[in-house]
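Visitor: Could you take me through one part of this structure up close? I'd like to see one helix and what surrounds it, with enough of the rest to place it.

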Amino acid sequence: MTDDFDDPFITIEEDEEAHEEDLWFLPGPLEEEPDDLLPGPRAEPPDTAVIDDWAKAEGVHAARLARVSGRIGALDDRLLRGPEGWRHRLALIEAADLSWFSGDRVSSDRLALWVSMRLSGAQDDPNALARVGWAVRRLTGGPGPMVDLAAFLDRRDPEIIEDSAERFEDRSGGWLDVMAAAVDLHPITRACMGFHLWSLAGLGQQGDQIEAAVTASRIAASDGTGAIFAPLAMGGAGGLRISGLPLERLPHWLDGMNSAILSAMRVLDDTERWAARAESDMAHLSGRTPVALRKAFSQWPLVSAPMAESVTGASRAAIQRNLAWMEESGLIREVTGQGRFRIWTLEN
């Protein structure tokens, strides 16, 4: 120690470092301090972040996507050149198959009677028929879901709604925002993404599987002019039952759509061959009833006598007479095996 206050206490660098280590009251280095704080809330990723995953899946399965897109283009051209009744026929078959996927299980004959004459049996669920009937209407025409989703689904918020209840307008708005942000994706990829985001957006309700599937089928065919919808369930609804990440979902979706399109093309091939044969065999028949019946069988998968009377506007006697002739000629066959409430379909 020295009495000279001008002299420093420490003159050696090592002594200076040792002296600083004795200063226990100073905080230690930040990197050495343990993180004892509880984790705080983290910012959630935006809703549109999921689009990147679907874009990556689209790039990985680009070749398969191009093949399915080409098949949709071929179906679109086929329907654009074909009669109007072909779209209606495919829509009825697709809606009936979708009803089995959703659990409503509406057969083709019950659906045909409901759509044509609003007839239902005691064993039929009127709510299920209404849902499948809605699917037929949306698969045969009208504005698409991206134009007005609420009008497309026939769903609106009630005039009086609780403050704590989430409005349909808000739920649908979130889904529409994500779909609009994914405009650079292929329509088929966007359809798959929209189908699997449906329930996450809070749009699910009873019958939501049919609503989601019909909405997706319209989006997938949004670039076409002949095909109003892309078939999803005709070849089996395997593409609609998948789960997992987008990289796993998209290839199954594409395979299911590819199978459904091929089934639809086979239906059109059979219908076209039958129409040509029926026109040749019925050329000698007079009156307008034979022509009207040929058109009805091309448009409807299954036809009954009351239904044919309602669709064609012909008399019951003329309908029964021509149905009997067509059955004897091998153009149609009866499928119920009953004496009453008989139903006919094409005989290919």
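**A close look at helix α8**

Guide: Confidence first, since this is a predicted model: the chain averages a pLDDT of 85, and 82% of the residues score at least 70. Confidence varies along the chain, with the lowest mean, 54, in helix α1 (residues 13-21) and the highest, 96, in helix α3 (residues 62-81). As for the overall make-up, you're looking at 14 helices and 3 strands. The chain has 348 residues, and 43% of them count as buried.

Now to α8, which covers residues 168-181. Let's start with its length. With 14 residues at 1.5 Å a residue, α8 should span 20 Å, and its end C-alpha atoms are indeed 20 Å apart, so the two agree.

Next, its sides. The buried residues here are Phe168, Arg171, Ser172, Trp175, Val178 and Met179. Around the axis they take up an arc of only 120 degrees, so they sit on the same side of α8. The spacing behind that is a matter of helix geometry: with 3.6 residues a turn, residues three or four places apart in an α-helix point the same way. Turn to the face away from that buried side and you'll find the exposed residues Glu169 and Asp177.

So what lies over the buried side? The cover includes α2 (50-60), α7 (149-153), α9 (187-197) and α10 (208-220). That list takes in elements from well before α8 in the numbering as well as ones after it. Across the chain, 66% of the contacts between residues at least 6 apart in sequence join residues at least 24 apart.

For another helix to set beside it, try α12 (residues 289-299), which is mostly covered, with 8 of its 11 residues buried. Those are Thr289, Pro290, Ala292, Leu293, Arg294, Ala296, Phe297 and Ser298.

Finally, the strands. They form an open sheet of 3 in the order β1-β3-β2, with antiparallel pairing. β1 (303-304) and β2 (332-334) are at the edges with a single partner strand each, so one side of each has no neighbour in the sheet. Between β1 and strand β3 (residues 343-346), which run antiparallel, there are 2 bridges. Pick out valine 303 and you can follow one of the pairings across to its bridge partner in β3, tryptophan 344.

As for the outside of the chain, its accessible surface comes to about 19500 Å², and carbon and sulfur atoms account for 51% of that.

Technical notes: Residues numbered from 1 in each chain as written. Predicted model: local features only at pLDDT ≥ 70, side-chain atom pairs only at ≥ 80, totals over all residues. Heavy atoms only, no water. pLDDT = per-residue confidence, 0-100. Helix = DSSP H or I, 4+ residues; strand = E, 2+ residues; numbered from the N terminus. Buried < 20%, exposed > 50% of the residue type's maximum accessible area, 1.4 Å probe, protein only. Contact = heavy atoms within 4.5 Å. Areas by Shrake-Rupley, 256 points an atom, 1.4 Å probe, with all protein chains shown as cover. Pairing = 2+ DSSP bridges. Expected span 1.5 Å × (residues − 1). Arc of directions from axis to C-beta.
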